[in-house]
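Please look through the structure shown here slowly, one part at a time. The paragraphs that follow begin with a single residue and then move on to other parts of the chain.

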Amino acid sequence: MLLDLREILDVPGSRLAFRRELDTARLDFPAVLRYLGPISAEGEIVNTAGVLTARGGIDAELLCVCDRCGAEFRQSRHTDVDAPIVPAGDGEEDEAFCLTGDALDIDDLLETVFILDMDTKFLCRSDCKGLCPKCGRNLNDGPCGCRPDIDPRFAVLEQLLDK
Ligand SMILES: [Zn+2]
Ligand SMILES: [Zn+2]
């Protein structure tokens, strides 16, 4: 959606509130099975001494799959939005979002902020123990009884002792 910013564009100190629901089409990540409920974004475009900034937050409820153990888990995710906006054609700042005329593609901005903030690794918990490489058991449920691999240096020693 294009947000018309004409009324705040040249008025330092002014602000314009926005409230959006994000379309999930672009927000497709391998570790995200689906979104539980709408992805809601809320905030305002603020004109600070002639410089525009989008501020606010995005809230999403995700059903994810753990990279390490494969378990499904829920994640409540809050993404802070604090993004600079520059006039159309002012593409010098890579980090900034450009206006289209006097309007801003607010959905594109919010989706991009959400994507950039996304974790590269999804773990059901920070100390997830993962799966046993031998028997495949989920080690979060307890040890599996497989013997850990013997350090090759000790294996040599064992052979020597056997003789
Ligand atoms: Zn896990
Ligand atoms: Zn095992």
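**A walk through the predicted model**

Thr112 is found in helix α2, and it is a useful place to begin reading this model, which is predicted. Is Thr112 buried or exposed? With a relative accessible area of 17%, Thr112 is buried, because a residue counts as buried when its relative accessible area is under 20%. The side chain of Thr112 reaches back to the backbone oxygen of Asp108, at 2.7 Å. If residues up to four places away in sequence are left out of the count, Thr112 touches Arg26 and Phe97.

From the helix we can turn to strand β6, where both Gln75 and Val81 are located. Gln75 is buried, with a relative accessible area of 18%, and its side chain makes a polar contact with the side chain of Arg77, at 3.2 Å. Once its neighbours within four places in sequence are set aside, Gln75 is in contact with Ala60, Glu61, Leu62, Cys64, Asp119 and Phe122. Gln75 and Glu111, by comparison, stand 36 residues apart in sequence, and their C-alpha atoms are 18 Å apart in space.

Val81 is likewise buried, with a relative accessible area of 4%. Which residues does Val81 touch, not counting those up to four places away in sequence? They are Ala54, Arg55, Gly56, Gly57 and Ile58, together with Leu109, Leu110 and Val113. Between Val81 and Arg125 there are 25 Å from C-alpha to C-alpha, and in sequence these two residues are 44 residues apart.

A residue in another setting is Ala49, which lies in the loop between β4 (39-48) and β5. Although Ala49 is not a glycine, it has a positive phi of about 50°. At a relative accessibility of 70%, Ala49 counts as exposed, because that term is used for values over 50%.

The next part to examine is the zinc ion (ligand 1), which is coordinated through the SG atoms of Cys66, Cys69, Cys124 and Cys128, at 2.3 to 2.4 Å. The angles among the 4 donor atoms run from 107 to 114°, and the site of the zinc ion (ligand 1) is tetrahedral. If you follow the donor residues of the zinc ion (ligand 1) along the sequence, their spacing reads C-x2-C-x54-C-x3-C. Cys66 lies in the loop between β5 (51-65) and β6 (72-86), whereas Cys128 lies in the loop between α2 (106-117) and α3 (152-162), so this pair ties together parts that are 62 residues apart in sequence. Both ends of that pair are shielded: Cys66 is buried, with a relative accessible area of 5%, and Cys128 is buried as well, with a relative accessible area of 4%.

There is also the zinc ion (ligand 2), and here the coordinating residues are Cys132, Cys135, Cys144 and Cys146, each through its SG atom, at 2.3 Å. What arrangement do the 4 donor atoms around the zinc ion (ligand 2) make? They subtend angles of 106 to 112°, which makes the arrangement tetrahedral. Along the sequence, the donor residues of the zinc ion (ligand 2) follow the spacing C-x2-C-x8-C-x1-C. Among these donors, Cys144 is partly exposed, with a relative accessible area of 27%, and Cys146 is partly exposed too, with a relative accessible area of 30%.

Finally, we can step back to the chain as a whole, for which the domain assignment gives domain 1 (2-128) and domain 2 (129-163). The centres of domain 1 and domain 2, taken over C-alpha atoms, are separated by 45 Å. The contact between them takes 6 residues from domain 1 and 5 residues from domain 2. About 430 Å² of area is buried between domain 1 and domain 2, and carbon and sulfur atoms give 45% of it. Which three residues supply 72% of the area that domain 1 buries against domain 2? They are Cys69, Arg125 and Cys128, which supply more of that area than any other three residues. Two of these names have already appeared in this walk, for Cys69 and Cys128 are among the residues that coordinate the zinc ion (ligand 1).

Notes
Residues are numbered from 1 along each chain as its sequence is written. Chains are lettered from A and ligands numbered from 1 in the order in which they are written. This is a predicted model: local features need pLDDT of at least 70, side-chain atom pairs count only at pLDDT 80 or more; totals for chains, interfaces and linings use all residues. Side-chain values use heavy atoms; hydrogens and water are left out. Donors are N, O and S atoms within 2.8 Å of the metal (3.2 Å for Na, K and Ca); water is not among the atoms, so sites may look incomplete. Four donors count as tetrahedral if all angles lie between 85 and 135 degrees; four count as square planar and six as octahedral if opposite donors are over 155 degrees apart and all others between 65 and 115; anything else is irregular. Helices (H or I, at least four residues) and strands (E, at least two) are DSSP runs, numbered from the N terminus. Buried means under 20% relative accessible area, exposed over 50%, partly exposed in between (1.4 Å probe, protein chains only). A polar contact is a pair of N or O atoms within 3.5 Å; within protein, one must be able to donate a hydrogen and the other to accept it, and residues adjacent in sequence count only if both atoms are side-chain atoms. Contact means heavy atoms within 4.5 Å. Domain bounds come from an automatic or database domain assignment. Buried area is the accessible area (1.4 Å probe) that two parts lose on being put together, summed over both.
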